Amino acid sequence: MSEQPSSAQFGDQAFGSDPLQRVTLGYLINLLARLLAQSLKARNGVDGILPGQFPIVLELLKADGPTQRDLCEFVKIEQSTMANTLKRMERDGIIERRACADDGRQATVHLTEHGRTLAQAAVINAFEVNRVALEPLDKDAQVQLRAGLIAMVERLEADIARQR
């Protein structure tokens with residue numbers, strides 16, 4: 001019979017008898033991410049930018065005309081997921097693809113005017129979602145939270161790179 005994990009193995013928090021107790025970092029961050037996405041989706045409306053499209057439109061607002069491969073690297077999602085998302089965005093008139101001037105085998109991705117309008121509204125809505133989520137924290141705590149999250153992302157990216 002194996003031993004139960006002790007609270008020492010998980011810092012000063014033990015799991016307790018409720019398996020849904022909100023104690024693990026991954027669980028809490030995943031829950032927070034889902035709630036942030038739901039709030040953004042509600043603000044953007046049924047015809048607005050979806051949460052899965054949001055990182056893509058941010059990249060397209062920043063730099064017009066990347067390739068699908070570029071977007072995969074920037075957004076850190078798989079090629080097949082990107083292809084499906086771009087196909088839906090193209091169908092909905094958010095993006096258009098154009099033949100790449102440098103390589104005719106590739107296409108570049110561009111926001112349409114309609115897509116740019118939706119993207120700009122989504123950015124405003126994202127700021128509002130962030131304001132609501134961060135409201136309980138003072139400015140110093142907000143800065144520390146962002147710095148801590150960035151540090152965690154960088155450490156995990158480095159860890160993943162070492163595992164490859």
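Modeller: Two residues are in contact when heavy atoms of theirs lie within 4.5 Å. The model discussed here is predicted. By that rule V123 touches F54, L58 and L61, leaving out residues up to four places away in sequence.

Biologist: Where is the place of V123?

Modeller: V123 sits in helix α5. A second way to read its surroundings is by C-alpha distance: V123 and I49 are 74 residues apart along the chain, and their C-alpha atoms are separated by 9.7 Å.

Biologist: What does the secondary structure of the chain come to?

Modeller: The chain has six helices and two strands. In sequence order the pattern is α-α-α-α-β-β-α-α. As for contacts, among those with a separation of 6 or more, 46% join residues 24 or more positions apart.

Biologist: How many of the residues in the chain are buried, as a percentage?

Modeller: Of the 164 residues in the chain, 24% are buried. The accessible surface comes to about 11,900 Å², and carbon and sulfur atoms account for 55% of that area.

Biologist: Take a single residue. Is Q53 buried or exposed?

Modeller: The cut-off for buried is under 20% relative accessible area. Q53 has 3%, so it is buried. Its place is in the loop between α1 and α2 (54-62). Apart from neighbours within four places in sequence, Q53 is in contact with G48, T85, M89 and I94.

Biologist: Now empty space. What is the volume of the largest pocket?

Modeller: The general idea is to roll a probe the size of a water molecule over the atoms, which shows where empty space is left. In this model the largest pocket has a volume of about 1,400 Å³. It is lined by 30 residues, and those nearest its centre are I29, A33, L36, N130 and L149.

Biologist: Which helices each supply at least two residues of that lining?

Modeller: They are α1, α2, α3 (68-75), α5 (113-134) and α6.

Biologist: On the surface, which residues form a nonpolar patch?

Modeller: The residues are L25, I29, L137, L145, L149 and M152, with about 450 Å² of accessible area together. Both α1 (25-44) and α6 (139-163) supply at least two residues of the patch. The largest share, three residues, comes from α6, while L25 lies in α1. Two names recur from the pocket: I29 and L149 belong to the patch, and they are also listed among the lining residues nearest the pocket centre.

Biologist: Next, charged side chains. How many salt bridges does the count come to?

Modeller: Side chains of opposite charge can pair when their charged atoms come close. The working cut-off is a side-chain nitrogen of Lys or Arg within 4 Å of a carboxyl oxygen of Asp or Glu. The count here comes to nine salt bridges. One of them joins E90 and R97, with the closest N and O atoms 3.1 Å apart.

Biologist: How are E90 and R97 classed by accessibility?

Modeller: E90 has a relative accessibility of 34%, so it counts as partly exposed. R97 has 29%, so it too falls in the partly exposed class.

Biologist: Which residues are linked in a network of salt bridges?

Modeller: E128, R131 and E135 are linked in such a network. Within it, R131 pairs with E135, the closest N and O atoms being 3.4 Å apart. R131, at 42% relative accessibility, is partly exposed, whereas E135, at 55%, is exposed.

Biologist: Where do D159 and R162 lie?

Modeller: Both are in helix α6, three residues apart, which is about one turn of the helix. Their side chains meet in a salt bridge, 3.6 Å from N to O. D159 counts as partly exposed at 30% relative accessibility, and R162 as exposed at 60%.

Biologist: Last, backbone angles. What is the phi of K76?

Modeller: Most residues other than glycine have a negative phi. For K76, phi is near 65 degrees, a positive value in a residue other than glycine.

Biologist: Where is the place of K76, and is K76 buried or exposed?

Modeller: K76 is in the loop between α3 and α4 (79-91). Its relative accessible area is 56%, so K76 is exposed.

How values were computed. Residues numbered from 1 in each chain as written. Predicted model: local features only at pLDDT ≥ 70, side-chain atom pairs only at ≥ 80, totals over all residues. Heavy atoms only, no water. Patch = residues over 30% accessible without salt bridge, like charges linked within 9 Å, V, L, I, M, F, W, Y side chains within 5 Å. Areas by Shrake-Rupley, 256 points an atom, 1.4 Å probe, with all protein chains shown as cover. Helix = DSSP H or I, 4+ residues; strand = E, 2+ residues; numbered from the N terminus. Buried < 20%, exposed > 50% of the residue type's maximum accessible area, 1.4 Å probe, protein only. 1 Å grid on protein atoms, 1.4 Å probe; cavity = no way out; pocket = protein on both sides within 12 Å on 5 of 7 lines; lining within 4 Å. Points joined across faces, edges and corners; volume = space filled by probe spheres on them.
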